[in-house]
Amino acid sequence: METLREILAPDFLLRNSVYISLLVGLTCPLVGVYLVLRRLVFLGVALPQVSSCGIAAAFALHAWHIIPHVEESSEGLLAFAGSTTLTLATILVFAVMERRGRGLVEGRIGAAYVLAGAWSILLLVKNPFGEHGLLDRLKGEIIAVPNADLALTAGTFGVVVVALFLFHKEFMLVSFDRDMAVSLKKNVLGWDALLFVLIGLTVSVSVLSVGPMVTFGFLLLPALIAHLLANTMRQFAVLAAMVGVASALAGFCIAYRWDLPVGPTDVALLGFLYGAAFVLKKALSRRSAGAADVPAV
Amino acid sequence: MTDNWLLSLDGVAVGYGRHAVLRNIGFRLERGSFTGLLGANGSGKSTLIKSIIGVIPPLSGKIVFTPRDGREPVLGYVPQREGLDAIFLFSSHEVVLMGCCGRVGPGRSYGRDDRDWAQRCLESAGAGDLSGRRFSELSGGQKQRVLIARALAAKPDLLILDEPTAGIDAAASRAIMELLGRIHRERQMTILMVNHDLAAMRKYIQHVLWLHEGKLTQGNADELLTRDKLEEMLKLQFS
């Protein structure tokens, strides 16, 4: 409780890191709900890796003077541009290939994951500024977050959450029954494109803030936990966001109290909660099955 | 009399990629008619339906809907229920509400009128008591009733059903056909139904479209579904 009070104090030195963790904990699970529902979990693994590669590529191009020099204060924007460009371009390529129906979807996503991982390392190794905070970003060290990065994250996630809320009805319809949506004259391609742009923006900004592993953890695990326990779609989304926010806060407290890296602590905590939710679900199912077996008197 | 045609297909070829499954298909659906689209598995029935609703663009030819009072006909589509993923935690009422999505603009929520209308559609499909039940946990026949209610919620001019009685027991299948017959009778609804269960549908349909080896045979049910004609067509089917 003491630790919680300390990290929530307005003059806490790492307050921006706390805010970033909470924003990621709120937004990534809401986006992750769609990845789980559309059975695109592997995309949730690959996109953060692609996003990291985009950041590494942007800094490499900068170091090799292929793109114009930017001030140190604008490095966040440079990383954002690299991350977002490569993530959205990858989503576009996946969408076009899926529409043409050629090849294996899992194969494409797997190839993107492994290639993005390899290129991230190669670009960092050959970048004289590779150690300059970039490795920390990719490892998920949420330590020093400048105000500009916090503002960018809050702004982007604000747009994503509002859009998910406003167009929930359309996103659900095209995800659940695409053919029905077409028969109702809905612009299915347009809604799919908007949903994937929101996913891409969330992933790229989150990777920029907390790294690929933590991003994937918050995209996937809260949604899986919520799906085990929820009875309705509304509960599913609300519970996923609540699990994400609570884990982000608890993870930060634990990491601060025992001097652990924040990102991996968050993900380990989510893993523990997933196991606990699974056991709880099994116990509840057994109990309701047992109650059903009791003969009526 | 063209005003009485709701849908017209002229020289239509449909298929996937550049591969045509059906070529030179032509027929018209009269308003208020009940038509059965028959054919063996793989004959192209579902592909043709998907082209009519706009999922798969025709490779050639024209699919034309005739507007009435300057308004394009509204489609109510009942898909094969196996295609709907059980991972979604929708209640039956939420599934039916989706039928109202065509009338509720982007960014707007469903209103009380839409919710009441969805409940009325569930009741008219004999599924009022399923409103709060999770859709994925319903039996095949119950799901079919909910999907018919969803199509009705769109306030359609043309109801298109893709194998509504496939994979459900004979009693549930009869009940579904009875429901469709009642909807057709009471609302003068135009219905196009894909089915390969001739026994289930022959009592209700007025017109038959029979697909075989890429060719379409069509006519009145009374003429085409006689013993002699059926033997002739089934011989074709299995030859």
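Trainee: Is A:Pro29 buried or exposed?
Mentor: The model is predicted, so local features need pLDDT of at least 70 and side-chain atom pairs pLDDT 80 or more, while totals for chains, interfaces and linings use all residues. Residues count from 1 along each chain as its sequence is written, chains are lettered from A and ligands numbered from 1 in the order in which they are written, and side-chain values use heavy atoms, without hydrogens and water. Buried means under 20% relative accessible area, exposed over 50%, and partly exposed in between (1.4 Å probe, protein chains only). A:Pro29 has a relative accessibility of 0%, so it counts as buried.

Trainee: Where does A:Pro29 sit?
Mentor: Helices (H or I, at least four residues) and strands (E, at least two) are DSSP runs, numbered from the N terminus. A:Pro29 belongs to residues 15-37 of chain A, which form helix α2.

Trainee: Which residue, 212 residues apart from A:Pro29 along the chain, has its C-alpha atom 5.5 Å away?
Mentor: Contact means heavy atoms within 4.5 Å. Leaving aside neighbours within four places in sequence, the contacts of A:Pro29 include A:Phe218, A:Pro222 and A:Gly244. The residue with the C-alpha separation of 5.5 Å is A:Ala241.

Trainee: How many residues does the largest nonpolar core have?
Mentor: A nonpolar core is a set of buried Ala, Val, Leu, Ile, Met, Phe, Trp, Tyr and Cys residues joined through side-chain atoms within 4.5 Å. In the largest one, A:Leu164, A:Phe236 and B:Val146 are among the residues with the most contacts inside it. Helix α10 (residues 188-210) of chain A gives this core its largest share, 12 residues. The largest nonpolar core has 130 residues.

Trainee: How many residues are in the second, separate core?
Mentor: This core includes B:Leu7, B:Leu9, B:Ile53 and B:Val194. B:Ile53 is one of the buried residues of α1(B). The second core has 23 residues.

Trainee: Why is α1(B) largely enclosed by the rest of the structure?
Mentor: Its buried residues include B:Thr47, B:Leu48 and B:Ile49. α1(B) is largely enclosed because the buried residues number 7 of the 9.

Trainee: Which residue follows α1(B)?
Mentor: Helix α1 of chain B covers residues 45-53. After α1(B) comes a residue whose phi is positive, near 100 degrees: B:Gly54.

Trainee: Which side chain meets B:Lys45 in a salt bridge?
Mentor: A salt bridge is a side-chain nitrogen of Lys or Arg within 4 Å of a carboxyl oxygen of Asp or Glu. The N to O distance here is 3.8 Å. One partner lies in α1 and the other in the loop between β6 and α5 of chain B, so the pair ties together parts that are 118 residues apart in sequence. Both residues are buried, and the partner of B:Lys45 is B:Glu163.

Trainee: Is B:Glu82 buried or exposed?
Mentor: The side chain of B:Glu82 meets that of B:Arg81 in a salt bridge of 3.9 Å, N to O. B:Arg81 has 8% relative accessibility, so it counts as buried. B:Glu82 has a relative accessible area of 57%, so it is exposed.

Trainee: Which residue forms a salt bridge with B:Glu186?
Mentor: The two residues lie in helix α5 of chain B, 4 residues apart, about one turn of the helix. B:Glu186 is exposed at 55% relative accessibility, whereas its partner is partly exposed at 29%. Their closest N and O atoms are 3.8 Å apart, and the partner is B:Arg182.

Trainee: How many bridges pair β6(B) with β7 (residues 190-194) of chain B?
Mentor: Two strands pair if DSSP finds at least two bridges between them. β6(B) runs parallel to β5 (residues 75-78) of chain B, with 4 bridges. β6(B) and β7(B) also pair in the parallel sense, and B:Asp162 stands opposite B:Val194. The bridges between β6(B) and β7(B) number 5.

Trainee: Which buried residues lie on the side of β6(B) opposite B:Leu158, B:Ile160 and B:Asp162?
Mentor: In a regular strand the side chains alternate between the two faces of the sheet. In β6(B), 5 of 5 residues are buried. Both faces are covered, and the other side holds B:Leu159 and B:Leu161.

Trainee: Which side chain makes a polar contact with that of B:Thr165?
Mentor: A polar contact is a pair of N or O atoms within 3.5 Å; within protein, one must be able to donate a hydrogen and the other to accept it, and residues adjacent in sequence count only if both atoms are side-chain atoms. B:Thr165 lies in the loop between β6 (158-162) and α5 (170-187) of chain B. B:Thr165 is buried, with a relative accessible area of 4%. At 3.2 Å, the partner side chain is that of B:Asn195.
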